[in-house]
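Welcome! Here are some short exercises, each followed by a worked solution. Have a look at the picture below and then try each task before reading on.

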Amino acid sequence: MKDTILYFVLPCYNEEAVLPETAKRLYAKCDRLIKAGKISPESRILFVNDGSKDSTWMLIEKLHSFRPIFAGLNLSRNRGHQNALLAGLMYAKDYCDIAVSMDADLQDDIDAVDEMISKYEGGCDIVYGVRNNRDTDSWFKRTTARGFYRLMTRMGVEMVSDSADYRLMSRRALLALSEFKEVNLFLRGMVPMIGMKTDKVFYKRGERFAGESKYPLRKMLAFSIEGITSLSVQPIRLITNTGIFVFLISLALLIWGIMQKVRGVTVSGWASLIVSIWAIGGLILLGIGVIGEYIGKIYLESKARPRFIIDTALNEARKKEEDPISVQDVINEIRKHSGDLQI
């Protein structure tokens, strides 16, 4: 497997505090893998600068000038973690045989890469890095994370529990991912949709080496909403079911009111009336908000704006040869010239 070209893909946003240590550890890991004949010397560590406001890009440029194994992408502006990660993966697919995506904060165990490569050698196109426990998380984060995965599953989104963006993907899987054209990205739910042969590698997630987390509670909630609305229509169906339920309750109350009127019983009911108005009004506003969220996504998708723009690329590697013409291309070509064919 010494000819296998591996690309590490790491999105970076204001990571100047941790980047030197990350580069040091990944360089040592690549060196060991190359000497063991697991990967090619043409392998790279690709840092994707997502519009950082500190000296992250300057450090990436220095690393690249120091060793060509360090490659870099500088996005034209901040596009968010998922877009930066996708930019790195889509760039890497033209050069690599396999790509391992991970965060730059050194919380993911890089030694798990050895087992990921072994799984790839065994025929897997996608290998997920899965946390074996959440002992390093607070009670609140641990509880909300588990609740998030359960909620996503109930919403019909296929995800790998306790797996973030630490995964290995073959070039074949990356080419398949490039066929997904949506602007609203949630890669944790998109990658399982590719299919192909997959497996898991379990590892212990450590503490952040330096710097601050880029996902406070506010961003985590926004990320959850993005994932649900990007990959599931269950919230809209929930509104429909809630509307039917409220209608049935109102029908029952109407029948009850008529029966009470016939019996000559009158109830003032001011409090219950106000509560009902507020409850139904809240449900209506919630329904409008959820539908508006989907309409907003349709609006963004219809514009077909680029998900990222690469301002600068630092890489001295050669591109992989173009894939042979696909079966569908052959079929299209036959249809195009069908009049010239005599069978």
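Helices are DSSP runs of H or I with at least four residues, numbered from the N terminus. Please keep in mind that this is a predicted model.

**Exercise 1. Place Ile-288 and describe its surroundings on the surface**.

Solution. Start with the helix: Ile-288 belongs to H10, which covers residues 270-303. Next, check the accessibility. Ile-288 has a relative accessible area of 55%, and exposed means over 50%, so Ile-288 is exposed. Finally, look for its partners: Ile-288 joins Ile-280, Ile-284 and Leu-285 in a nonpolar surface patch, and together they have about 410 Å² of accessible area.

**Exercise 2. Take stock of the whole protein: how many helices and strands are there**, **and what share of the residues is buried**?

Solution. Counting elements first gives 11 helices and eight strands. Then turn to burial: of the 343 residues, 40% are buried. The surface comes next, with about 19,600 Å² exposed, 59% of it supplied by carbon and sulfur atoms. As a last step, consider contacts with a separation of 6 or more: residues 24 or more positions apart account for 85% of them.

**Exercise 3. Decide whether the rings of Phe-47 and Phe-70 are stacked or tilted**.

Solution. A pair of aromatic rings is described by the distance of the centres and the angle of the planes. The structure holds five aromatic pairs. For Phe-47 and Phe-70, the ring centres are 6.3 Å apart and the planes meet at 15 degrees, so this pair is stacked. Now place the two residues: Phe-47 is in strand S2 (residues 44-49) and Phe-70 in strand S3 (residues 70-75), so that the pair links distant parts of the chain, 23 residues apart. Burial completes the picture: Phe-47 is buried at 0% relative accessibility, and Phe-70 is buried at 3%.

**Exercise 4. Do the same for Tyr-91 and Tyr-95: which kind of pair do their rings form**?

Solution. The centres of the two rings lie 5.0 Å apart and the planes are at 35 degrees, so the pair is tilted. Both residues can then be checked for burial: Tyr-91 is buried at 13% relative accessibility, and Tyr-95 is buried at 8%. To finish, widen the view: Tyr-91 and Tyr-95 form one aromatic cluster with Tyr-7.

**Exercise 5. Follow the salt bridge of Arg-32 and find the network around it**.

Solution. The count of salt bridges comes to 11. In one of them, Arg-32 pairs with Asp-111, and their closest N and O atoms are 4.0 Å apart. This pair links distant parts of the chain: Arg-32 is in helix H1 (residues 19-35), whereas Asp-111 is in the loop between strand S4 (98-101) and helix H4 (112-121), 79 residues apart. Arg-32 is partly exposed at 44% relative accessible area, and Asp-111 is partly exposed at 45%.

Another salt bridge joins Lys-38 and Glu-121, at 3.6 Å from N to O. Here Lys-38 sits in the loop between H1 and S2, and Glu-121 in helix H4, 83 residues apart.

A further example is Glu-42 with Arg-44, at 3.8 Å from N to O. Glu-42 is partly exposed at 38%, while Arg-44 is buried at 6%. Last step: through shared partners, salt bridges join Lys-29, Arg-32, Asp-111 and Asp-114 into one network.

Methods:
Residues numbered from 1 in each chain as written. Predicted model: local features only at pLDDT ≥ 70, side-chain atom pairs only at ≥ 80, totals over all residues. Heavy atoms only, no water. Buried < 20%, exposed > 50% of the residue type's maximum accessible area, 1.4 Å probe, protein only. Contact = heavy atoms within 4.5 Å. Areas by Shrake-Rupley, 256 points an atom, 1.4 Å probe, with all protein chains shown as cover. Phe/Tyr/Trp six-rings, centres within 6.5 Å; stacked < 30°, edge-to-face > 60°. Patch = residues over 30% accessible without salt bridge, like charges linked within 9 Å, V, L, I, M, F, W, Y side chains within 5 Å. Salt bridge = Lys/Arg side-chain N within 4 Å of Asp/Glu carboxyl O.
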